[in-house]
Amino acid sequence: MNGGGSPRTLHVFDTELNADTVEWCPQSPHNNILVCGTYQLAGSVEEPDAAPSRIGRLYLFRFQSSDTPLTELQRLDTSAILDLKWCHVPISEQTVLGMAAATGELHLYMLSENEEGNCYLQPLSNQEVGKECLLLSLDWSTGRKDCSEVKLVCSDSAGCVNVLSMCEGTLMPLSQWKAHDFEAWISAFSYWDTQLIYSGGDDCKLKGWDLRMDPSHPTFTSKEHTMGVCSIHSSPIREHILATGSYDEQVLLWDGRNMRKPFGHSLMGGGVWRLKWHPTNQSLLLAACMHNNFKILNCQSAFESPGMTCPIVASYDLHSSLAYGADWCHMSLDSKGPSPEAEVDHSPAKTEGHLRVHYESPTASFETSLEDDEGQYIPHDTPSSSSINLAISSEDEPSSCVLASCSFYDHILHIWLWDRVQDDLEPQQSKPQ
C-alpha cells in the first residue's frame, strides 16, 4: 500500500450463501441502509446429472455507529443475484432497488417502513429481459441525482445489452441488441449524457453506444483491455470521466471525449470485478480486485498529468476469498477518537482452510478444493470455526468513510472504516506508463 490510513473492521456478517454484490442506499434519510446479494449453485442429490439450480438471498441491513453497528432487517430467498443497484432518486416518492437475477429477470423492490419504523423491501415490479440467460449487471441513469427520465441498462450472458424506462413503478423495454460475442459482463450509463451507454464483455472489448443511433453500430470499440471487461463506472462528479476494470488486472481511466486511448493505467494485482467512484470526492475510486482484495485509488495525479499511475491509498485485505462486491456508504460521520482493534482468532485449530479456485466468474460451475495451511485436503464436513466477534467504539476520526465489501466462497460481508487523513489524499510520485 502506498501510504494512507489503515482501514478498520467494524462488523462481519456470514451471508451463508456465496456473496457477490453489496450496495448502500444513496437516498437520504436511508443512507444507513445496505443490501447484500448472494449467488450459489445448488445441485440435486436425486438427479446428480441434472443441471444445478442457481439460488440466492437478498439481505437488508441497517448500519448504526453504535455498539450494534449492523442490524439485519430482512432476508428474502430469491433466484441467484448477479447485481444490485439503488435508484439514486425517488420514483413516485419511493426508494427503489433493482436486482439482476440469474433467471434473466430484472426485479424491482420498494423500500417501505412498518408501524415500528423498521424498513423492509416490498416487491414492486419485474420484467423478463432475456430468455435462457443470466442477467449480469444493471445501472440506473440517475447517477448525478438530477435525472428527469429514469432509465435502466442491463447486460446478460448472451452478450446482449437491454435498455428499459421506468414510469410510475412500471418497467417498459426500450431496446435490446447483441453487443458482445460472449458474456456482456457489465453495462453502464454516462451519467452526464444518459443517451450514452458503455458495455464490456468476455470478448475483451469495451464498447460505446448512443441510444439515438442504430445499436448495430457502436460509437467506438476498444481492445485496450487484454482480457474480459467486467467493470465500468461513470464519475457522478467529474464530467467525461470513466473508469473500467478487467480480468487483466488493470484499472483504466478514460476521457469520454476521446476513447481511442485511456489516460490512466493502474495494475491492481487481481481481476477488477467492480469499480465505484466516491459519491462526493472526485478523486477516490474503490476497486474490488478478486484475488487481491479491495483497494482505494487516488486518481488526482492522473487527472493532472495523463499517463501517471493512480496510487493505492488504502487496502482492505481481511477477506479470504474472491473480492466481488464493494461500495461507499453515502452517510457522513461526525465523530471522534479511534476504535479498538478487532479481536479475531486466527489459531491453526480454528482455521477453515483455503479454497483453491480454478475460475473466477460467479456464473460458472466452480471446481474447487479446500486445503489447510500445509496444502492438505480438508473434507467438506469439517466443522467450521466459531463466529467472529468484533468490538467497535461509536467514536471515530473526523472525515471518515464507511465502506462495505463482500467475498464469494467464504460468504462474508464486512463493514469497515477508512480515515481520510489529508496525507492519504495527496498524490504520490509515480512514473508515467
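Modeller: Two strands count as paired if DSSP finds at least two bridges between them. The model discussed here is predicted.

Biologist: How many bridges join strand E24 to strand E25?

Modeller: Strand E24 covers residues 284-288 and strand E25 covers residues 294-298. The two run antiparallel. Within this pairing, Leu285 has Leu297 of E25 as its bridge partner. The number of bridges joining E24 to E25 is five.

Biologist: Which strands form the edges of the open sheet that holds E24 and E25?

Modeller: This open sheet has four strands with antiparallel pairing, in the order E23-E24-E25-E26. An edge strand pairs on one side only, and that applies to E23 (274-277) and E26 (312-316). Neighbouring strands of the sheet are turned by 20 degrees against each other on average, direction ignored. The edge strands are therefore, given that two strands pair if DSSP finds at least two bridges between them, E23 and E26.

Biologist: Which strand gives the most residues to the lining of the second largest pocket?

Modeller: The second largest pocket holds about 550 Å³ of space. Among the 32 residues lining this pocket, His278, Pro279, Thr280, Trp328 and His330 are the closest to its centre. At least two lining residues come from each of E2 (19-24), E7 (81-86), E23, E27 (323-328) and E30 (400-407). With three residues, the strand that gives the most is E30.

Biologist: What is the strand content of the span that UniProt annotates as "repeat: WD"?

Modeller: The unreviewed UniProt entry places this feature at residues 222-255. The end C-alpha atoms of the span lie 13 Å apart. Its helix content is 0%, and its strand content is 56%.

Conventions: Residues numbered from 1 in each chain as written. Predicted model: local features only at pLDDT ≥ 70, side-chain atom pairs only at ≥ 80, totals over all residues. Heavy atoms only, no water. UniProt positions renumbered as here; feature names shortened; annotations may be inferred. Axes fitted to C-alpha atoms, helices over the stretch in contact; angles between N-to-C directions. 1 Å grid on protein atoms, 1.4 Å probe; cavity = no way out; pocket = protein on both sides within 12 Å on 5 of 7 lines; lining within 4 Å. Points joined across faces, edges and corners; volume = space filled by probe spheres on them.
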